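Student: Hey, could you walk me through this one? I'd like to go over it piece by piece.
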Amino acid sequence: MHMTQTCILNKNHLSFWLRRLKTSHELIAPTRDVSGDIVLTELRQMHETALDGPALMPSPKEFLLPQMEQLFSYSGEGIEETFNKRPRVLFGIRSCDLSAIRILDTFYLGKQKDLYYEARRSRTVVIAIACNQPDPTCFCLGLGTGPFLKNGFDLQLTDLGDRFLVEAGSETGASLLKDSPHIFTEPMPADNDDLYEARLASQSRFEKRVNLEQVRKRIQAGVVQDSFWESVAARCFECGGCVYNCPVCTCFNVIDRASSSDTGNRYRLWDTCLFKGFTRMAGGVVPAEAKINRTKRWFHHKLLHWPAQFGTFGCVGCGRCAVSCPGKIDMATVAMRIKGEDQTEDK
Amino acid sequence: MEKISTTCPWCGCGCGLFLHVENNLITGVSPSRRHPVNHGTLCVKGWNCHEFVHHPDRLTTPLIKEGAAFRRATWEEALGKTAVRLSEIKQQYGPDAIGILGSAKCTNEDNFVLMKFARAVIGTNNIDHCARLCHSSTVGGLAAAFGSGAMTNSIDEIRDARVIFVIGSNTTEQHPMIGMHMLEAKDRGALLIVADPRRTQIARFSHLHMRHKSGTDVALLNAMMNVIITEGLVDVSFIRQRTENFDDFEKRVLTYTPEVAERITSVPADDIRKAARIYASEKRAMLFYSMGITQHVTGVDNVRSCANLVMLTAHIGQPMTGLNPLRGQNNVQGACDVGVLPDVFSGYQKVADPAARNKFELAWSRPLSGMPGLTLTEMIDAIHAGKIRALYVMGENPAISDPDSTHVKAALAKLEFLAVQDIFPTDTAEYAHVILPAATFAEKDGTYTNTERRVQKIRRAVPPEGESKPDYEIICSLSRLMGYDMDYRAAHEIMEEIAILTPSYGGILHHRLDTGFGLQWPCGGYDHPGTPYLHRKKFTRGLGAFIPVEFMPPSEPTDSEYPFILTTGRSYFHYHTGTMCRRTITLEREEPECTIEISPADAERLEIRHNDPVRVKTRRGQIEVKARVTGTVPEGIVFIPFHFREAAANLLTINAVDPNAKIPEFKVCAASLEAVRKKPGTRPAPRLSYHEGMKIGLDLYLPPEEGEE
């Protein structure tokens with residue numbers, strides 16, 4: 001049977017396919033928890049996957065760069081590295097998260113390869129779900145990071161009501177389709193019509209229209225005063241939530257934990273540039289002691305430095321920072337204030 | 001990868017979060033999106049609550065002291081020794097020679113079992129916990145005014161309030177997620193009034209900040225009530241129908257004009273008037289308070305004044321109103337609720353009440369003492385007086401958290417027997433004869449009750465580290481060895497007993513807590529949905545009681561020798577005595593050493609620059625800390641957080657207590673400051689950081705000849 005790049009999967013057959021995937025991979029999918037929240041975790045019961053929920057927290061980044069990860073253990077004999085080599089399927093993640101993974105790839109798999117990240121990434125299959133229903137906090141539209149992608153995925157599923165349209169974007173994706181040829185059928189013309197309608201409908205549902213390019217230009221033009229950033233920093237609770245939750249933030253700290261005088265483990269943990277201690281130097285000098293410097297830097301890094309260094313914004317419009325920020329100074333909110341900024345600031 | 005839904009172990013917000021587990025190790029944390037308190041957010045401590053669980057310092061085996069060091073022992077040996085020693089001391093000196101300290105960090109189940117152990121097995125009411133140090137003023141003050149002392153309303157009402165009055169609470173730093181709700185209310189147009197000598201973050205968000213002198217809360221509140229009465233802003237029908245003793249109270253308050261208060265508090269009279277008018281004129285006005293008013297020798301008076309204010313304006317018994325003490329620890333509300341207090345059983349049923357005592361005697365098949373026991377602060381004095389000979393400490397660190405550490409440590413050293421049950425070695429544990437390793441919040445099932453009376457589950461995510469056990473299991477084993485059969489096979493069985501014996505928890509069972517986000521007590525029946533706000537139709541005691549309060553100054557005034565007011569408290573990144581948070585790298589890195597907040601004017605006068613070492617002295621002791629010159633503190637006041645064992649603020653604090661609640665005056669004592677000048681060419685001695693200090697402690701716990709774990 002000749003390999004198709006696009007096909008249809010009846011929703012009744014989803015559980016069957018997931019169970020097939022689970023035999024050879026750790027299957028990570030959105031699952032409804034007993035408390036009612038939907039979390040990305042190992043799917044135990046196939047029917048429990050919940051694809052209709054909002055953006056999940058934290059982002060799927062935790063499967064490629066865990067919040068706390070052992071790098072190696074050391075002893076008198078030497079070092080034993082810990083690589084996570086379990087084949088994994090990330091199922092049901094959104095287009096923004098997929099775009100974020102592609103950005104993380106440029107960061108961690110560039111000239112300087114991060115071997116721990118690579119061990120996980122090379123064994124991770126990404127099956128994304130295009131977004132029919134963006135959250136009120138989403139703003140990927142306009143950033144090219146969603147709600148539908150043209151490439152970058154192993155497989156992209158679009159919900160067409162009683163069935164999914166499945167697009168393969170890589171060899172791995174195509175081979176997954178080949179593995180279960182009896183459940184993936186040829187698309188009909190009606191499917192393409194429905195796809196077009198779903199895309200249009202999704203785009204119309206965005207509550208926020210955020211143009212980061214305009215914001216970048218305004219900052220570069222020097223229009224945004226420090227007094228504005230002061231008003232933003234005053235509302236910062238220094239919780240780190242924006243960074244911990246962000247699918248693109250990459251910073252980590254490295255610590256050793258000794259279990260005795262000559263054995264122990266080395267770990268890396270998520271870190272954030274928002275904290276004072278991040279830039280503290282020997283002697284106790286903290287260059288970014290005033291909160292405004294750190295708050296401003298987070299935005300500048302994503303809006304100015306990332307494009308300059310990597311050609312893309314350090315933001316995919318997933319809107320998680322809006323959910324996690326106690327002070328409501330997330331990217332979209334601040335970007336929209338900058339867009340509407342003259343020389344005056346409010347609050 | 002597993003994600004276990006549980007509740008945060010740090011503060012009284014009780015945020016919902018998930019622990020991420022891979023290969024029986026916790027690898028991360030994420031917030032619960034739908035939780036009514038935090039809805040998708042967490043503070044920095046919440047985001048990092050996984051790290052201390054697998055820390056190598058964890059106590060993993062029982063330890064018995066031999067000579068100056070500890071050696072590993074089996075559970076049999078350690079529990080056996082504990083049982084024998086406690087029995088001996090009980091035999092020789094009587095049951096009241098033994099004191100028991102419960103834990104505001106342990107679950108309701110752990111605490112209830114400990115309370116039962118103290119009363120049914122040991123036979124004493126000498127049981128208390130750290131609520132004594134924080135909200136005993138609340139429990140005492142509101143018991144007389146309303147009949148019950150808990151946060152009257154709920155956190156999710158905050159965003160719809162029109163006025164928020166915060167007195168003595170640094171909300172955005174100590175209850176960050178509640179601070180978030182307050183900020184949201186302000187964004188929606190609510191007016192925010194803050195009364196605090198320090199210019200905290202919440203004060204900077206406020207519309208009106210009254211910086212009253214430390215310890216003058218009664219004068220300030222009485223003056224506000226004076227304005228409300230004289231300007232006719234009282235709710236007359238509420239006072240007539242639902243309260244008593246208004247006339248005596250009114251007479252007293254009328255003597256506190258704003259001008260009188262201005263002289264005492266140094267807050268401008270017009271500001272007092274403004275605050276009073278704003279608070280009284282809006283229907284939906286909520287009052288919040290915390291340690292700033294409870295930790296004084298007049299703590300109970302301060303709380304009573306708040307109760308008076310709330311009744312005067314009828315801001316109680318309705319949503320978006322209320323008197324809202326912000327409980328500190330994750331389960332201090334629960335520990336109080338299940339009776340870890342010397343004068344009450346669970347549900348605040350008095351031990352001196354024969355009917356209550358009879359109920360518990362029937363349930364436990366043991367005669368029970370009707371004499372209220374000693375409080376935590378009294379126990380320390382009683383040890384010095386030779387009245388208490390043994391102490392059993394569960395999840396508490398009085399050597400660092402109690403006032404006047406020198407006095408406390410001397411007491412601990414005097415004990416004939418001290419058993420400490422904890423997750424990490426602590427300064428208190430250094431004096432122990434037996435140390436028992438306990439399981440953390442991630443390693444056991446149980447429930448916590450947050451500050452809005454919400455009882456929520458914690459769920460076991462990983463097996464207990466080493467040989468550690470859940471606290472209730474340890475106590476049950478000990479109890480059996482001492483001849484009283486206590487055998488609960490799971491935490492939910494304990495909850496069943498709590499529900500039977502505690503009317504307000506009557507309908508709270510684990511299976512009801514499985515879905516949704518817990519239940520707020522009172523929850524009397526099996527299908528009762530819980531109670532978002534209290535005192536709707538009547539107060540717990542029937543009518544609310546106005547209690548006239550007179551201003552009294554703090555116990556230790558400043559003088560020429562000790563000219564500064566020293567106030568102690570918490571910082572955002574750390575938590576209390578630091579056993580958990582200082583073993584979390586992100587938190588420890590943010591604040592690795594003790595600092596003292598000094599106003600710019602004082603710093604200039606004493607020639608102290610930012611980051612200079614400073615020696616702080618009081619009549620109790622002295623410590624050396626780093627100066628932080630900031631406008632947060634007003635002139636004449638300095639602030640030190642109490643998290644740092646190597647520069648322990650409680651070496652300086654005074655042991656003076658409120659006569660009713662026995663809560664120490666942590667917020668005010670007299671201190672002197674001087675810059676530490678180095679001789680040219682010398683370096684200051686390197687300060688022992690927590691980890692350095694603990695490493696020394698850790699070696700003590702490893703037997704000299706043995707290799708590693």
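Tutor: Sure, we'll go through how the chains meet, then salt bridges, ring pairs and a loop residue.

Student: Before that, what kind of model is it, and how is everything numbered?
Tutor: It's a predicted model, where local features need pLDDT of at least 70, side-chain atom pairs count only at pLDDT 80 or more, and totals for chains, interfaces and linings use all residues. Residues are numbered from 1 along each chain as its sequence is written, chains are lettered from A and ligands numbered from 1 in the order in which they are written, and side-chain values use heavy atoms, with hydrogens and water left out.

Student: Cool. How many residues of chain B are in contact with chain A?
Tutor: 54 residues of chain B are in contact with 59 residues of chain A, where contact means heavy atoms within 4.5 Å.

Student: And what's the area buried between them?
Tutor: About 4,400 Å², with carbon and sulfur atoms giving 50% of that. Buried area here is the accessible area (1.4 Å probe) that two parts lose on being put together, summed over both. B:M1, B:R33 and B:R589 supply 17% of the area that chain B buries against chain A, more than any other three residues.

Student: How many salt bridges are there between chain B and chain A?
Tutor: There are 6. A salt bridge is a side-chain nitrogen of Lys or Arg within 4 Å of a carboxyl oxygen of Asp or Glu. B:K3 and A:E62, for example, meet through their side chains at 2.6 Å, N to O.

Student: How many residue pairs are in polar contact there?
Tutor: 29 residue pairs between chain B and chain A, both residues at pLDDT 80 or more. A polar contact is a pair of N or O atoms within 3.5 Å; within protein, one must be able to donate a hydrogen and the other to accept it, and residues adjacent in sequence count only if both atoms are side-chain atoms.

Student: Which element gives the most to that side of chain B?
Tutor: That's α7(B), with 7 residues. By class, the side of chain B that touches chain A has 20 nonpolar, 20 polar and 14 charged residues. Ala, Val, Leu, Ile, Met, Phe, Trp, Tyr, Cys and Pro count as nonpolar, Asp, Glu, Lys and Arg as charged, and the others, Gly among them, as polar.

Student: Switching topic: how many salt bridges over all chains?
Tutor: A search of the whole structure finds 67. One of them joins the side chains of A:E26 and A:R88 at 2.7 Å, N to O.

Student: Why does that pair tie together parts apart in sequence?
Tutor: Because A:E26 lies in strand β2 (residues 26-32) of chain A and A:R88 in strand β6 (residues 88-94) of chain A, the pair ties together parts that are 62 residues apart in sequence. Helices (H or I, at least four residues) and strands (E, at least two) are DSSP runs, numbered from the N terminus.

Student: Is A:E26 buried or exposed?
Tutor: A:E26 counts as buried, at 1% relative accessibility, and A:R88 is buried too, at 0%. Buried means under 20% relative accessible area, exposed over 50%, partly exposed in between (1.4 Å probe, protein chains only).

Student: Which residues are linked with A:E26 in a network of salt bridges?
Tutor: A:K22, A:E42, A:R44, A:R86, A:R88, B:E2 and B:E22 are linked with A:E26 in that network.

Student: What about B:D270 and B:R273, where do they lie?
Tutor: Both lie in helix α13 (residues 269-281) of chain B, 3 residues apart, about one turn of the helix. They form a salt bridge with the closest N and O atoms 3.8 Å apart, and B:D270 is exposed, with a relative accessible area of 56%.

Student: Now rings! How many aromatic pairs are there over all chains?
Tutor: 31 turn up in a search of the whole structure. Rings of Phe, Tyr and Trp (its six-membered ring) pair if their centres lie within 6.5 Å; planes under 30 degrees apart count as stacked, over 60 as edge-to-face and the rest as tilted. The rings of A:W17 and A:F91 have centres 6.2 Å apart and planes at 80°, so that pair is edge-to-face. Both A:W17 and A:F91 are buried.

Student: Got a tilted one?
Tutor: Yep, A:F107 and A:W306, at 6.1 Å centre to centre and 35° between the planes. A:F107 is in helix α2 of chain A and A:W306 in helix α9 (residues 291-310) of chain A, 199 residues apart. A:F107 is partly exposed at 33% relative accessible area, whereas A:W306 counts as buried at 3%.

Student: Last one: where is B:T502?
Tutor: B:T502 sits in the loop between α22 (491-501) and α23 (510-513) of chain B. Its relative accessible area is 1%, so B:T502 is buried. The side chain of B:T502 also makes a polar contact with the side chain of B:S346, at 2.8 Å.
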